[in-house]
Amino acid sequence: MKQTRTYLLVANWKANPHTVREAKQIFTAAARAAARARGVELVVAPSYAHLSVLRAASRTAVLAAQDISLVADGPHTGIVGFEQLLDLKTRYVIIGHSERRAAGETNELVGEKCALAVSLGIRPIICIGEHTREVGSTEYLTTIKSQLVAAFHGVSKSKVRDIVVAYEPVWAIGRDAVRDARPDEIKEVAIFIRRVIGDLYETKSVPPLTIIYGGSVDAKNAAYILEESGVDGFLVGRASLEPKTFSAIISASHEIARRS
Ligand code: PGA
């Protein structure tokens, strides 16, 4: 049967694991599971401390940085210049994760980073999402729209296909999650994202960008979310550090890709 669908699975390791040894082990397990799973593109986003080690361990690994600096190089203590990032051949970069926004990153800065990444040929994974949802209010859509408009500010129409948008409602992320997002909620936002981008570029055809979901994705909810929400993959935090769980997410995605 002809395979039509590919799901993008991004493992966001944040400031984990503690050691290079563990990083290599987790990476190897994920790469093995992904090698068996047609219809799945695996992207691993380790911290900068482990990025070059993983690049050295596998020249074919698809890696992402967890952030990009606007600085190229030079006298900037504590910063990784984007020239150094280019040398690591990272295909993707996560931009505007809610944990970075909480540390002061503005919509405008996210837009500048996004334009820079596109100009360097690195695919941005732009994280957007509201902090809370009030019953009966559509304020979350206003938040999402302003995040999108700012992020795409410097992106030309021909580059839209290079962008990945990760919808990550902050209330569904991490150990403090209030609850899981429902597939119908994710689907509504994915449709809204395409509409906003379609309006922004004045196009009637469906914008070709990739939309993934992030927020407490695990082995139990992955298949259900993919099937019911129609998103193009996941940004996975905690579960991407547990080889068994992450392998199960990879196989569930493969299974759904195979059936589609
Ligand atoms: P989580 O994190 O999967 O642990 O909820 C997702 C993220 O923050 O990207």
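This text walks through a predicted model, from its sheet to the helices and cysteines around it.

The sheet comes first. Eight strands make up an open sheet, and their order across it is S2-S1-S8-S7-S6-S5-S4-S3. The pairing is parallel. At the edges are strand S2 (40-45) and strand S3 (64-65), each of which pairs on one side only. Strands of a sheet are joined through backbone hydrogen bonds, in either a parallel or an antiparallel sense.

One pair of strands can be followed in detail. Strand S5 (residues 123-128) is paired with strand S6 (residues 164-167) in the parallel sense, over four bridges. Within this pairing, Ile125 has Val164 in S6 as its bridge partner. Across S5 and S6 lies helix H6 (residues 139-151), which runs at about 155 degrees to S5.

Helix H6 also packs against helix H5 (residues 107-120). Packed helices are described by the angle between their axes and by the distance between those axes. For H5 and H6 the angle is about 40 degrees, and the axes are 7 Å apart. The two helices are therefore oblique to each other, and H5 passes H6 in a right-handed crossing. On the H5 side, the residues that meet H6 are Asn107, Glu108, Val110, Gly111 and Cys114. Their counterparts in H6 are Ser146, Gln147, Ala150 and Ala151.

Cys114, one of the H5 residues that meet H6, leads to the matter of disulfides. A disulfide is a covalent bond between the sulfur atoms of two cysteines. The structure holds zero disulfides. Why is Cys114 without a bond to another cysteine? The closest cysteine sulfur to that of Cys114 belongs to Cys127 and is 11 Å away, which is too far for a bond; the cut-off for a disulfide is 2.5 Å between the sulfur atoms. Cys127 is likewise in no disulfide, its nearest cysteine sulfur being that of Cys114. Both cysteines count as buried: Cys114 has a relative accessibility of 0%, and Cys127 has one of 2%.

The last stop is Phe192, located in helix H7 (residues 183-200). Is Phe192 buried or exposed? Its relative accessible area is 11%, so Phe192 is buried, the limit for that class being under 20%. Leaving aside residues up to four places away in sequence, Phe192 touches Leu141, Ile144 and Lys145. These contacts connect with the stretch already described, since helix H6 spans residues 139-151. Thr245 is 53 residues from Phe192 in sequence, and their C-alpha atoms are 30 Å apart in space.

Technical notes
Residues numbered from 1 in each chain as written. Predicted model: local features only at pLDDT ≥ 70, side-chain atom pairs only at ≥ 80, totals over all residues. Heavy atoms only, no water. Pairing = 2+ DSSP bridges. Contact = heavy atoms within 4.5 Å. Axes fitted to C-alpha atoms, helices over the stretch in contact; angles between N-to-C directions. Buried < 20%, exposed > 50% of the residue type's maximum accessible area, 1.4 Å probe, protein only. Parallel < 35°, antiparallel > 145°, perpendicular 65-115°, else oblique. Left-handed = near helix turned anticlockwise from the far one by under 90°.
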